[in-house]
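Here is a friendly round of questions for someone meeting this structure for the first time. Each answer sets a value beside the rule it has to satisfy.

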Amino acid sequence: MPRVVNGVEQMVEIEVDADSGPGWGPNDKHTLLNQRLTRVDGPLKVAGIARYTYDQRLPGMLYARVLRCPHAHARVTSVDIDAASKIPGVKAIIQAPLTEVRFAGAPVAAVAATTPEIAGDALRAIKVNYEVLPHVVHAHAAIRPDAPKVVAEENNLQEKGKNGDPQKAEAAFATADAIVEGEYISARIHHVCLETHGMVVDYRGGDTATIYASTQGTFTIAADAAKELGLTESAVTVSVEHMGGGFGSKFGLGLEGMLACRLSKQTKSPVKLMFTRYDEFVMAGNRSGSWQKLKAGVKKDGTIVALNARQYRLGGLGQGSQAGQPYIYRMGDTYREIYALHTNEDSSIAMRAPGHPQASFAVESLMDELAYKIKLDPVEFRKKNLRDEVYYRQLDRAAREIGWSRRNPIAGGNAGPLKRGLGCAVGTWGGGGNNQCKVDVTIARDGSVDVAVGTQDLGTGTRTYTRAIVAEELGLTIKDVKERIGNSKLGAANPSGGSTTAPSLSPSVKDAAIKARMLMAERVAPLLGNAKAEEIVFAGGKVSAGGQSLSWQQATASLPAAGITSHGEWRADLQARGVHGVCFAEVEVDVETGHVKPIKMVHIQDGGLPLNRLTMESQINGGMIQSLGMALWEGRVMDAHLGMMLNPGLGDYKVPGSLEMPELVPLIDDDDKREAVIGIAEGCIIPAVGALVNAVFNACGVRVRELPVTPDKILMGLSKGTQITQI
Amino acid sequence: MTKSRDDREDQKHNPGRRKFLKGVGIAGAGAAIADHLWTEAEAQEKPGTPTTLSGNVKITLDVNGSPRDVQVEPRTTLLNALRNHLEPAVTGPKLVCDVGTCGACTVLLDGKPAYSCLVLAVDAVDRKVTTVEGLGSPESPNAVQAAFVEHDALMCGFCTPGFVTTISAYLKQNPNPTLAEVREACKGNFCRCGTYPRVFEAALAAAKSTAG
């Protein structure tokens with residue numbers, strides 16, 4: 001199974017038990033899975049009555065807000081809450097457990113009040129004195145020996161590993177026909193979950209508490225919350241009915257949960273603490289930036305002979321993440337050094353495929369530059385240096401779809417001020433599961449079917465495929481099955497990170513469904529001429545054997561009063577790891593304004609058995625669209641002197657909108673015949689950034705090596721005719 | 001807007017614009033005077049005292065066709081009134097940015113889309129407020145809601161009420177839009193999961209289904 005260690009995926013072997021039960025069967029033989037199923041929570045969501053954490057409103061509930069430090073580095077010398085605590089409606093004010101603050105936006109205090117407006121008043125009435133300390137917020141400044149230290153006595157630059165033999169790599173460069181050397185930089189970007197981080201802690205002084213959380217891990221909260229509340233872990237129930245986006249940023253109790261617990265404990269009232277949008281930008285984490293110095297040598301025939309890589313992970317106070325180069329390519333003798341370079345910014349945290357889009361952007365840019373240098377077609381050049389042949393068919397298919405044959409091999413060679421160009425890139429991910437999910441399927445005597453597991457649906461379609469797996473196994477329709485998820489009192493489930501949910505959950509659901517079918521079969525066998533349980537067919541709402549047939553209702557009428565319940569466990573043989581994806585992009589660059597307009601994007605993705613084609617395509621679209629933001633528009637802007645983020649709002653931090661949408665073509669690679677479930681969410685966000693920047697180069701001849709590719713960089717490149725790197 | 005604000009008579013339910021803006025000014029002035037504000041608020045209700053509206057105000061909002069009594073401060077936004085002051089709450093419109101940049105809180109005011117985070121609750125008195133809940137239900141969705149489900153125009157669903165509301169209003173105004181017009185109509189709504197292409201598909205399909 002895949003594990004991400006410091007952003008670099010590691011392989012862990014899993015033993016597969018061949019006798020663990022029936023499998024999924026061929027991918028083209030399903031009645032519900034691998035079809036286009038509308039999501040079961042859709043009707044609730046479109047009518048506005050799906051209840052999210054942010055929508056919870058409990059009797060006597062207090063609203064909490066967080067006071068943030070405005071300085072990038074400071075010591076809190078005094079906090080005066082006198083005036084604030086006198087405001088009618090203010091019920092509690094607590095101080096955050098920090099005396100030295102290392103980023104602007106760090107929490108200093110939190111208040112709970114009877115309305116959100118009063119909570120805001122209280123924040124403004126708290127007086128904090130700070131001793132302001134020197135700070136550094138830009139990587140190029142932080143790396144200087146005389147830079148202010150982010151943590152006293154520690155270097156801002158921390159070595160994290162060296163791989164390969166530098167002498168061997170150096171020698172191999174001598175055999176190259178061409179060498180490309182460049183610095184690739186990606187900005188820190190934000191998750192921008194529309195539902196901000198937050199929780200409602202419902203503790204009223206008794207022996208139990210309930211926490212409504214916007215989280216990717218129903219089971220990642222209770223232990224820490226219990227400690228804060230002075231309860232046992234099992235006395236804390238966590239509920240995640242619906243959640244409004246996470247993208248890797250929502251695991252555990254978090255600061256917001258900790259403060260909400262403390263306020264709730266102090267006031268013995270339910271407390272709702274949802275970050276404001278500003279909080280979300282400055283406190284809720286971000287995708288780490290990257291700064292990569294790459295040098296590669298290539299022979300005329302397209303063989304890459306050497307790579308030297310120096311990679312800086314820009315994770316603020318955190319370690320950052322960045323997959324090691326040469327990422328997925330073969331590059332002969334390689335040598336790399338990886339460093340964490342710290343600044344006075346909040347820590348980066350996991351974001352959809354942590355560390356991978358950054359590495360992919362750099363290496364795919366480099367690949368493109370090498371291809372131009374030796375005048376090889378970028379698609380053929382990639383094939384030559386890729387390990388896995390699955391990419392060959394994907395490259396060919398997506399190339400046809402985008403119309404690669406239209407591509408002008410001369411970058412910027414098309415006439416006129418609006419120049420179109422094409423680019424491509426390749427990505428990979430693990431997407432295997434692990435043994436954490438416990439699923440119960442109950443068939444009642446009245447025919448109703450319930451599938452229960454504590455997992456969470458992030459908008460990925462978890463509810464829908466959970467139902468579909470059970471319905472298909474029992475020969476029913478989606479509507480005949482009801483799912484209960486999102487509650488820590490239900491069967492355990494893994495947190496949704498690393499594309500592990502589908503491959504962890506669906507085998508357990510399948511296992512429970514198969515067992516429920518067998519239990520049913522044994523019960524109804526006497527009604528079907530004592531047929532053998534495994535010969536009884538469940539299809540089309542009927543249970544049949546040997547020419548005899550019972551309706552579902554007739555069959556379930558034979559069950560005991562309590563119905564039957566089966567318990568499902570994870571089966572390694574029902575999932576697999578390793579996905580492949582290829583993205584092609586077409587853009588139009590206005591060489592008079594530097595404006596880049598995305599025209600079309602194609603992404604082809606494999607993933608074993610597609611549980612639901614409709615939602616899988618939506619996820620592929622999502623990967624492309626989020627990549628568009630990273631490539632062209634998004635980036636945190638920090639002020640060197642104030643040490644603050646200058647664009648902490650949706651008015652200034654540009655996420656993709658409806659007007660910028662290109663034509664998007666999400667393709668499912670059905671040539672993947674693996675009868676196994678594999679997670680695809682991260683795989684389909686990785687290559688698109690590379691495809692876009694390469695398309696920009698093909699369009700106008702400007703190689704922008706620093707994200708986002710804004711008009712100023714295009715114009716600068718056009719005026720100088722050289723590569724653009726600014727750090 | 002159906003009538004000018006000067007037409008409003010009932011002081012209690014129809015705070016004039018000038019008056020409540022003063023109230024906002026005081027409330028927004030912040031910490032230093034917060035204590036005074038509250039004492040002032042209590043003294044406020046004296047009849048004949050000139051002008052400044054502050055403290056709690058009782059208003060009646062017309063939400064999805066029902067009169068809803070609610071106590072708000074003059075500075076309370078319509079969005080906050082719906083979500084945090086009405087009992088029971090109306091939580092279809094989502095709080096995402098609270099400053100009019102994302103569209104998740106979109107409601108219809110007299111049939112026209114408005115960011116409810118930019119409208120004061122006291123300014124919504126005498127106007128018909130329609131939220132996404134008022135457009136249809138899971139059992140009986142309107143054409144846009146049904147098309148959103150059919151075309152998978154949602155993932156996490158947090159932006160969905162805003163899109164559904166915006167598009168439902170737009171199709172009334174333009175029942176047969178082009179793709180370009182749909183994109184233009186949605187430009188005030190953000191989605192992060194990446195549903196735009198299917199939002200467009202759903203809007204066009206809804207237009208088609210109602211046209212027949």
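Q: Where in chain B is B:Pro88 found?
A: In this predicted model, B:Pro88 sits in the loop between helix H3 (78-85) and S3 of chain B.

Q: What makes the peptide bond between B:Glu87 and B:Pro88 worth pointing out?
A: The bond joining B:Glu87 and B:Pro88 is cis, with omega about -5°. Most peptide bonds are trans.

Q: Which residues of chain A does a cis peptide bond join, and what is omega there?
A: A:Gln325 and A:Pro326 are joined by a cis bond, and omega is about 10°. A:Pro326 belongs to the loop between strand S16 (304-314) and strand S17 (333-341) of chain A.

Q: What is notable about phi of A:Ala353?
A: The angle is near 65°, which is a positive value in a residue other than glycine. Most residues other than glycine have a negative phi. You can find A:Ala353 in the loop between S17 and helix H9 (356-373) of chain A.

Q: Why is A:Ala353 called buried?
A: The cut-off is 20 or more other C-beta atoms within 10 Å. A:Ala353 has 30 C-beta neighbours inside 10 Å, so it counts as buried.

Q: What is the phi of B:Asp152, and where does this residue lie?
A: Phi of B:Asp152 is near 50°, again a positive value in a residue other than glycine. B:Asp152 lies in the loop between helix H4 (143-150) and helix H5 (160-173) of chain B.

Q: Is B:Asp152 buried or exposed, and how do you know?
A: Counting inside 10 Å gives 26 C-beta neighbours, and therefore B:Asp152 is classed as buried.

Q: What makes A:Asn156 count as buried?
A: There are 22 other C-beta atoms within 10 Å of A:Asn156, so the residue is buried. Its place is the loop between helix H4 (139-142) and strand S9 (157-164) of chain A.

Q: Which residues are in contact with A:Asn156, leaving aside its neighbours within four places in sequence?
A: The contacts of A:Asn156 include A:Ala142, A:Ile143, A:Lys149, A:Leu341 and A:His342. A:Gly475, by comparison, is 319 residues away along the chain, and the C-alpha atoms of A:Asn156 and A:Gly475 are separated by 60 Å.

Q: How do you know that the span of helix H12 of chain A is close to what is expected?
A: Helix H12 (residues 462-473) of chain A has 12 residues, and the expected figure at 1.5 Å a residue is 16 Å. From its first C-alpha to its last, the helix reaches 17 Å, close to that figure.

Q: Why is H12(A) described as mostly covered?
A: Of its 12 residues, 12 are buried. Among them are A:Thr462, A:Tyr465, A:Ile469, A:Val470 and A:Glu473. The elements covering the buried residues include strand S19 (439-443), strand S20 (449-452), helix H13 (501-524) and helix H15 (613-633) of chain A.

Q: What follows H12(A)?
A: A:Gly475 follows H12(A), and its phi is positive, near 70°.

Q: Which residues touch the most other members of the largest nonpolar core?
A: This core has 287 residues, and A:Ala64, A:Val111, A:Ala122, A:Cys583, A:Phe584, A:Leu692 and A:Val696 touch the most other members. Not counting residues up to four places away in sequence, A:Ala122 touches A:Ala84, A:Ile87, A:Val90, A:Ile93, A:Val111 and A:Ala113. In soluble globular proteins, nonpolar side chains tend to be buried together.

Q: How many residues of each chain take part in the contact between chain A and chain B?
A: The contact takes 53 residues from chain A and 54 residues from chain B. On the chain A side, H15(A) gives the most, with 7 residues. That side divides into 25 nonpolar, 18 polar and 10 charged residues.

Q: How is chain B divided into domains, and how many residues does each give to their contact?
A: Chain B has domain 1 (5-134) and domain 2 (143-211). Their contact takes 15 residues from domain 1 of chain B and 11 residues from domain 2 of chain B. On the domain 1 side, the largest share, 3 residues, comes from S3(B). By class, that side has 9 nonpolar, 4 polar and 2 charged residues.

Note on methods. Residues numbered from 1 in each chain as written. Chains lettered and ligands numbered in written order. Predicted model: local features only at pLDDT ≥ 70, side-chain atom pairs only at ≥ 80, totals over all residues. Domains from an automatic or database assignment. Contact = placed C-beta atoms within 7 Å. Helix = DSSP H or I, 4+ residues; strand = E, 2+ residues; numbered from the N terminus. Nonpolar A, V, L, I, M, F, W, Y, C, P; charged D, E, K, R; others polar. Core = buried A, V, L, I, M, F, W, Y, C linked by C-beta atoms within 7 Å. Expected span 1.5 Å × (residues − 1).
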